[in-house]
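Okay, thanks for making time, everyone. I'd like to walk you through one structure today, so let me put it up.

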Amino acid sequence: MKIPKRIAGTLINALKGGVVPRIGLPYVTVGREPEINALLHDVEIIADGGAAFRFISGKYGSGKSFLLQTIRNYVMDRNFVVVDADLSPERRLQGTRGQGLATYKELIQNMSTKTRPEGGALPLVLDKWISSVQSSVAMESGLSFDDPQFGTLVQQKIFAVINELNGMVHGFDFARLLTLYYQAYMNGDEELKAKVIRWFRGEYITKTEAKQELGVNVIITDDDWYEYIKLFASFLKNAGYAGMLVLIDELVNIYKIPNAITRQYNYEKILTMYNDTLQGKAKHLGIILCGTPQCIEDTRRGIYSYEALRSRLTEGRFSREDTRDLLAPIIKLSPLTNEEMLILVEKLADIHAQLFGYAQRLGQDDLITFIRIEYDRVGAGSHITPREIIRDFIELLDILYQNPGMQVAELMGSDAFSYAKTPLQEKAAEEAGEFAEFEL
């Protein structure tokens, strides 16, 4: 398997740093086939005019973000538009100081398509929409672009798309801005196009500013940003895309909000999104939220603390550890098997050797020994994650590459490697140490 050095370098550096790369994932994807198939089933429903909503639940380092990026790449290849954002103290779903709008801005900034996978695709999407309308009119009518009647037919088709949005909440305002963009496109007015793009990105702070620059007395706010996401989904379908997928990671940042009322407002926003997609109020829209089991299932501070969500999301009586329901609203990630981890480290060893241009030194027995040592640590069964195993393995490869005289068995057989603690084990040891001398 030959891999370009640019992609190999990005993969190795990102994985060693504990983050998920945006490119090259097919080279290292293993397992997760049932979860991917379940999410791709949702994608088919979205493309068919429906909507879908999912939570992905898993421990830190278990592969939630990896699964998100894998799905992101899959759906872009299927002509979907993807927007994604990580929540943070400054980015929430609802806020009183612009935190909800900050999430919207991040989502639109990261708008990606197959031809613009790195984000920032909004201008490309709008330009492609207008040029595709022109192309279809030219094919249907047989008129040339210079014909005076051609412009009239294009305008009629543009307004037909825009009029479909008028019936939705804020649809009239959204349609008005699309009209302005079309006019700027036809007149070659780059300044006006930039202003409209700025409005769509939620960057106008006051209505007065928007009125002065664009002649519209409305802006996107903390309270209504989700309505514009639904408008984008409908528009994108009319613009020739299969649908829109919204990926939101780090739900734990809502769990960490100290104020209970603020948390409840955020969970209320999740409930609105959940109800819209399942009741058919949203079309051509998929939403996936990622978080840890604690931030979802904790009945004191998590999503389950909001009764309306808990009653909708709690598992039924027939669910068991060995029979997961992957069509349920929450997909719980199970750990990768030893065999899957072995395939993964085999791929990483090959990529590392190609990146640095050396002959592979690790044989199958060495890889098996590495996996055995990782899983033989005390508590590894419940605490170790793919992120930690990957980080350890790339460190092992780096050391062997930089010390060609060192034997593999010598390094893996050392006490420092065999008995190294995971971060969770070190934390547990520290906590135990604090009370080691305490006696009743």
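Let's start with what packs around helix α3: the buried residues of α3 are covered by, among others, α2 (33-47), β1 (51-57), β2 (80-86), β3 (243-249) and β4 (285-291). And α3 really is mostly covered, with 11 of its 14 residues buried. Those include Phe66, Leu67, Leu68, Ile71, Val75 and Met76, but also Lys64, Arg72 and Asn73.

Does the length of α3 add up? Let me put that properly: what should 14 residues at 1.5 Å a residue span? The answer is 20 Å, and the end C-alpha atoms of α3 (residues 64-77) are 20 Å apart, so the two agree. Just past the end of α3, Asn79 has a positive phi of about 70°.

Now, keep in mind this is a predicted model. The average pLDDT for the protein is 83, and 89% of the residues score at least 70. Among the elements, helix α4 (residues 99-109) has the highest mean, 95, while helix α21 (residues 423-434) has the lowest, 46. Over residues 419-440 the pLDDT stays under 50, and the model has 18 contacts beyond four places in sequence for that stretch.

Last stop, a helix pair. The axes of α5 (residues 122-141) and α6 (residues 148-165) come within 9 Å and cross at roughly 125°. That angle is why we call α5 oblique to α6. The crossing is right-handed. On the α5 side, the contact includes Trp129, Ile130 and Val133, and α6 brings residues including Phe150, Leu153 and Val154.

Okay, over to you.

How values were computed: Residues are numbered from 1 along each chain as its sequence is written. This is a predicted model: local features need pLDDT of at least 70, side-chain atom pairs count only at pLDDT 80 or more; totals for chains, interfaces and linings use all residues. Side-chain values use heavy atoms; hydrogens and water are left out. pLDDT is the predictor's confidence in each residue, from 0 to 100. Helices (H or I, at least four residues) and strands (E, at least two) are DSSP runs, numbered from the N terminus. Contact means heavy atoms within 4.5 Å. The expected span of a helix is 1.5 Å times one less than its number of residues. Buried means under 20% relative accessible area, exposed over 50%, partly exposed in between (1.4 Å probe, protein chains only). Axes are lines fitted to C-alpha atoms, for helices over the stretch in contact, and angles run from 0 to 180 degrees between N-to-C directions. Angles under 35 degrees count as roughly parallel, over 145 as roughly antiparallel, 65 to 115 as roughly perpendicular and the rest as oblique. A crossing is left-handed if the near helix is turned anticlockwise from the far one by less than a right angle, and right-handed if clockwise.
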